[in-house]
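Student: Please choose one open space in this model and examine it closely. I should then like to follow its lining outward into the surrounding parts of the chain.

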Amino acid sequence: MIRRASVTPEDAGAQAVLAQALESAGFTVTHLPFGNIENFYAERGAGGPHLCFAGHTDVVPPGPNWRHAPFGGEVADGVLYGRGASDMKGAIAAFAAAAANAPAKDGKISLLITGDEEGEALNGTTKVLDWMAANGKIPDFCLVGEPTSRAVLGDVVKIGRRGSLSATITVTGRQGHVAYPHLADNPLHRLIPALAALTAHELDGGTAWFQPSSLQLTSVDTGNPARNVIPAQATAQLNIRFNNLHSQASLSDWLTEIVASHAPNAALHVTCSGEAFLTQPGPATALLTDSIAHVTGVTPAQETGGGTSDARFIARHCPVAEFGLVGATMHQADECVPVSELLALTAVYQNFIERFA
Ligand SMILES: [Zn+2]
C-alpha cells in the first residue's frame, strides 16, 4: 500500500491492494466511490456482534528531505519507511492481517475504508456511513486505527475528541485622520473590548475526560499601514477547541451575545469542523484496554486530546474508540514504524477481534 502514492484525493491503486488481501481472507468488498474519492466497505460473517474497523488509505504529501523513498516501502534495520507507515496504512494492514488470522466465529467483522480523511472529508467516511445506515450495516462498535500511541505502543487510547470552531468578527467604522477622531469612527475601539470580554471568560473547568475548553485569538487585522489613519474596518479571527459541555450552537449563541454587547454592528461568521464527542467507557473500551495490556504489557490512558479525526462522524452512529501505532513520525519526513510494532499491533487487534462479543 505504501508503494501506491495515494496523496489525497488520489488513490493510485492503494485500496485495490487492500481489497484484494481482504477478499482472499473471505471478505466481501463493496466499492463506494463518491465524487473523485475512492472508498469501500468490506465485511465477513453475519449477525451480531458487529465490529467495524475504520481507516483511511489517503496520505499527506511527502514534502522534502526524505532519506528513504517516501513511496518505496523499504525496510531498513527492521524499520518500515514511507508516507502512511504510521498514519495509517500500517494500522490498516495490521487489522487486515489480524482479521485474516482470527478463527471464524459468530458475528460480523467489517472495514470502512476511505480515501478522504487528510483532505476535505466530504466524500469519504460520512457518505460511507450513510450507505451503511441505509443498508442496516451500522456496527455495535467501531475501532479507528489512527496513530494514538504517544511514546510506546499501547500507552494511549482515544475515547473522544474535542470539537473545533473558528470565528471571524468584522467591525466596520469610518476612516479618518487620527487628529480628528470626531470626524471618524474607530472600529478597533469596539472590537478590542469585545475580544477582551471573550478572552476573559472561562468557558469551563474541564471534565473527568476533557481538558478545559480554550478560546485562542489567531489574528487581529485592519490592513492599515499608516500611523495617522483611523481604519475603516477591523477584523479578528479566533478558534475554540471545546469539550462536550459545548456545541457549535451554544458557542455561536455565546459569541453573538458578547460581540453584540460591545460592537452592535459587527458581522460574525462561524464555522465548525467538528463537534466534540465522548464514548463513555464501557464493556467494549474495557475489552480494548485489556487486549492492549495483555499483548503489550502497557495499560493505556484513555484520552480525548489532539486534533480531530473521522471518529467524529462515526460517533453520530455508534460507540467509537481510536487505537493505533506510535504517531511520533506522522506527517513528517521519513515517516516510519518498526516492523516489531506492526506485529504487536496486529496481535492486539487479533486479541480484540477474538474476544469481541
Ligand atoms: Zn490519520
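**The second largest pocket and its surroundings**

Tutor: Two helices, H1 (14-24) and H2 (89-101), each contribute at least two residues to the lining of the second largest pocket. The model under discussion is a predicted one. H2 provides the largest share of that lining, namely four residues. The space in the second largest pocket amounts to about 240 Å³. Its lining consists of 13 residues, and Met1, Ile2, Leu80, Lys89 and Ala93 are the closest to its centre. Sorted by class, the lining of this pocket comprises eight nonpolar, two polar and three charged residues.

Two of these central residues lead into the neighbouring elements. Leu80 belongs to S5, where it stands opposite Val75. S4 and S5 run antiparallel and are joined by two bridges. They belong to an open sheet of three strands, ordered S4-S5-S19 with antiparallel pairing. S4 and strand S19 (336-338) each have a single partner strand and stand at the edges, so one side of each lacks a neighbour in the sheet.

The loop between strand S4 (75-76) and S5 contains Asp77. This residue has a positive phi, near 50°, although it is other than glycine. Asp77 is exposed, its relative accessible area being 83%. A second case of this kind is Ala121, whose phi is about 60° and which is likewise not a glycine. Ala121 sits in the loop between S6 and helix H3 (125-134). Here the surroundings contrast with those of Asp77: Ala121 counts as buried, at 7% relative accessibility.

Lys89, the other central residue to follow, is where H2 (89-101) begins. Ahead of that helix, Met88 is found in the loop between strand S5 (79-81) and H2. The peptide bond joining Asp87 and Met88 is cis, with omega about -10°. A further cis peptide bond joins Thr8 and Pro9, with omega about 5°. Pro9 is placed in the segment before H1. The segment before H1 and the loop before H2 thus each contain a residue that takes part in a cis bond.

Asp87 carries the account from the pocket to the metal. The zinc ion has protein donors from His56 (NE2), from Asp87 (OD) and twice from Glu146 (OE), at 1.9 to 2.6 Å. The angles among the four donor atoms run from 53 to 140°. A tetrahedral assignment would require all angles to lie between 85 and 135 degrees, and the square planar alternative would require angles other than those of opposite donors to lie between 65 and 115. The site is therefore classed as irregular. Along the chain, the donors follow the spacing H-x30-D-x58-E. His56, in strand S3 (residues 50-56), and Glu146, in the loop between strand S7 (141-144) and strand S8 (156-158), are 90 residues apart, and the pair links distant parts of the chain. His56 and Glu146 are both buried.

These two donors also border an enclosed space. The structure holds one cavity of 30 Å³ or more, and the largest cavity encloses about 60 Å³. Its lining includes His56 and Glu146, together with, among others, Ala54, Gly55, Leu112, Thr114 and Asp310. S3 and strand S6 (107-114) are the elements that give two or more residues to this lining. Of the elements, S3 gives the most, with three residues. The classes represented are four nonpolar, five polar and three charged residues.

Glu146 leads onward to the largest pocket as well. That pocket holds about 360 Å³ of space. It is lined by 20 residues, and Glu146 is one of those nearest its centre, along with Pro147, Lys158, Arg161 and Met330. Its lining has four nonpolar, nine polar and seven charged residues, whereas that of the second largest pocket has eight nonpolar, two polar and three charged.

The path may be retraced briefly. H2 supplies four residues to the lining of the second largest pocket, and the loop before H2 holds Met88, which is joined by a cis bond to Asp87. Asp87 shares the zinc ion with His56 and Glu146. Glu146 in turn lines the largest cavity and lies among the residues nearest the centre of the largest pocket.

Note on methods
Residues are numbered from 1 along each chain as its sequence is written. This is a predicted model: local features need pLDDT of at least 70, side-chain atom pairs count only at pLDDT 80 or more; totals for chains, interfaces and linings use all residues. Side-chain values use heavy atoms; hydrogens and water are left out. Donors are N, O and S atoms within 2.8 Å of the metal (3.2 Å for Na, K and Ca); water is not among the atoms, so sites may look incomplete. Four donors count as tetrahedral if all angles lie between 85 and 135 degrees; four count as square planar and six as octahedral if opposite donors are over 155 degrees apart and all others between 65 and 115; anything else is irregular. Buried means under 20% relative accessible area, exposed over 50%, partly exposed in between (1.4 Å probe, protein chains only). On a 1 Å grid over the protein atoms alone, a cavity is a set of points where a 1.4 Å probe fits but cannot get out, and a pocket is an open set with protein on both sides within 12 Å along at least five of seven lines; lining residues have an atom within 4 Å of a point. Grid points are joined across faces, edges and corners, and a volume is the space filled by probe spheres set on the points. Ala, Val, Leu, Ile, Met, Phe, Trp, Tyr, Cys and Pro count as nonpolar, Asp, Glu, Lys and Arg as charged, and the others, Gly among them, as polar. Two strands pair if DSSP finds at least two bridges between them.
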